[in-house]
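Please look through the sequence and the model shown here before reading on. The report is meant to be read with both in view.

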Amino acid sequence: MFTKVSRFRRLLGSGAVPRLLLLSTLTSLALIAVYTIAYAQMQAVPSWVGHLLFGDSTITADPTLTASEAQGLGQKFELLFSMVNAQDPQNVDNDVIALNTGAFPSNVIGVAVRNMLPKAKIETLTNQISLKYYFVSTRTCFGGSPRIQLYIDPGDGTPPHNAFGYVGVLPGGGGGCASDIWQFQDMANLSDPVPQWDLTKFGGPYANTWAQVVTFFDVRFPNHVVLSGGVFDDSCSFQPPACGLAYYDLLTVENRTLENRQDAVQGPTH
């Protein structure tokens with residue numbers, strides 16, 4: 001017994017403790033990832049899924065208004081409805097876009113959308129969909145807004161539909177967004193275990209990781225084409241947490257990022 005204890009002590013002293021801690025950490029991270037995915041699969045689908053105001057929209061940007069300044073820059077974003085150019089609330093030298101819905105219930109909505117390159121596929125958007133957001137006071141991200149919305153032609157003869165990428169740290173548009181601080185979210189990361197993408201308009205699951213989104217379209221709709229994409233904010237009419245003032249910056253959709261006023265044009269406000 002004494003010999004075994006002595007050997008164990010020598011083992012701990014030889015660097016096993018860091019290895020044991022590393023193993024424990026990796027095990028914990030794996031359990032968190034499994035729990036996150038399981039949570040999304042077990043949770044009830046929110047009532048607003050399938051009833052988003054722009055859930056069935058066919059919005060694309062005006063190709064004349066949003067034409068790029070030079071070859072290779074990509075089409076500009078078009079700001080629609082009440083989405084407007086603005087300044088960063090913490091740095092007036094930083095151009096951003098903003099939406100102020102007013103108090104609940106409000107029909108004030110906002111969109112920033114751009115058209116894709118011809119024959120764009122879902123997999124070509126990997127690491128090219130992201131967003132910074134800043135919610136003022138009680139404004140948050142529950143109720144399906146804001147979200148990244150991709151307008152996709154499935155390529156099987158049926159009409160185009162929308163795939164929804166819900167902003168937030170909880171699965172499936174569950175919210176969890178902080179207020180009064182800038183947050184950045186990568187929406188097309190193959191390693192992200194949080195299932196934030198809703199494919200129900202294509203007959204797919206409600207909560208999917210980006211890796212699952214890529215697999216879904218490549219297998220189910222191999223001839224699909226992504227037509228347009230952008231940030232949509234339209235839930236204040238039925239979700240009080242989705243009401244208020246929100247700023248957006250560094251919106252990346254495919255090959256262009258909205259960094260300053262040269263990256264967007266103001267479209268129709270109604």
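What follows describes the overall make-up of the model, then its sheet, some backbone features and one aspartate.

**Confidence and overall make-up**

This is a predicted model, and its pLDDT averages 86 over the protein, with 84% of the residues scoring at least 70. Residues 1-42 have a pLDDT that stays under 50, and for this stretch the model has 13 contacts beyond four places in sequence. The protein holds two helices and 13 strands, and of its 270 residues 47% are buried. Among the contacts with a separation of 6 or more, 74% are between residues 24 or more positions apart. The accessible surface of the protein comes to about 12,900 Å², and carbon and sulfur atoms account for 60% of that surface.

**The seven-stranded sheet**

An open sheet is formed by seven strands, which follow one another in the order β9-β7-β6-β10-β4-β1-β13 with mixed pairing. Its edges are taken by β9 (197-198) and β13 (264-266); each of these has a single partner strand, and therefore one side of each is left without a neighbour in the sheet. The partner of β13 in that order is β1, which spans residues 77-81 and pairs with β13 in the parallel sense over three bridges. Within this pair, L79 stands opposite Q266 of β13.

**Backbone features**

Most residues other than glycine have a negative phi, and most peptide bonds are trans. Against that background, the table lists two cis peptide bonds and two residues with a positive phi.

| Feature | Angle | Location |
|---|---|---|
| cis peptide bond, F104 to P105 | omega near -10° | P105: loop between β3 (91-100) and β4 (110-115) |
| cis peptide bond, S145 to P146 | omega near -5° | P146: loop between β5 (129-135) and β6 (147-153) |
| positive phi, K119 | phi near 65° | loop between β4 and β5 |
| positive phi, L250 | phi near 50° | strand β11 (residues 245-253) |

The two residues with a positive phi can also be described by their accessibility. K119, which lies in the loop between β4 and β5, has a relative accessible area of 70% and is therefore exposed, the cut-off being over 50%. L250, by contrast, lies in strand β11, and because its relative accessibility is 29%, L250 counts as partly exposed.

**D263 beside the edge strand**

Where in the chain is D263 found? This aspartate is in the loop between β12 (256-258) and β13, the latter being one of the two strands at the edges of the sheet. Is D263 buried or exposed? Its relative accessibility is 8%, and because the cut-off for a buried residue is under 20%, D263 counts as buried.

Which residues does D263 touch, leaving aside those up to four places away in sequence? They are K76, F77, R256, T257 and L258. Of these, K76 is 187 residues away from D263 along the chain, yet the C-alpha atoms of the two are separated by 5.2 Å. F77 belongs to β1, the strand of residues 77-81 that pairs with β13. The side chain of D263 also makes a polar contact with the side chain of R256, at 2.9 Å.

How values were computed: Residues numbered from 1 in each chain as written. Predicted model: local features only at pLDDT ≥ 70, side-chain atom pairs only at ≥ 80, totals over all residues. Heavy atoms only, no water. Pairing = 2+ DSSP bridges. Helix = DSSP H or I, 4+ residues; strand = E, 2+ residues; numbered from the N terminus. pLDDT = per-residue confidence, 0-100. Contact = heavy atoms within 4.5 Å. Buried < 20%, exposed > 50% of the residue type's maximum accessible area, 1.4 Å probe, protein only. Polar contact = N/O pair within 3.5 Å; in protein donor to acceptor, adjacent residues only side chain to side chain. Areas by Shrake-Rupley, 256 points an atom, 1.4 Å probe, with all protein chains shown as cover.
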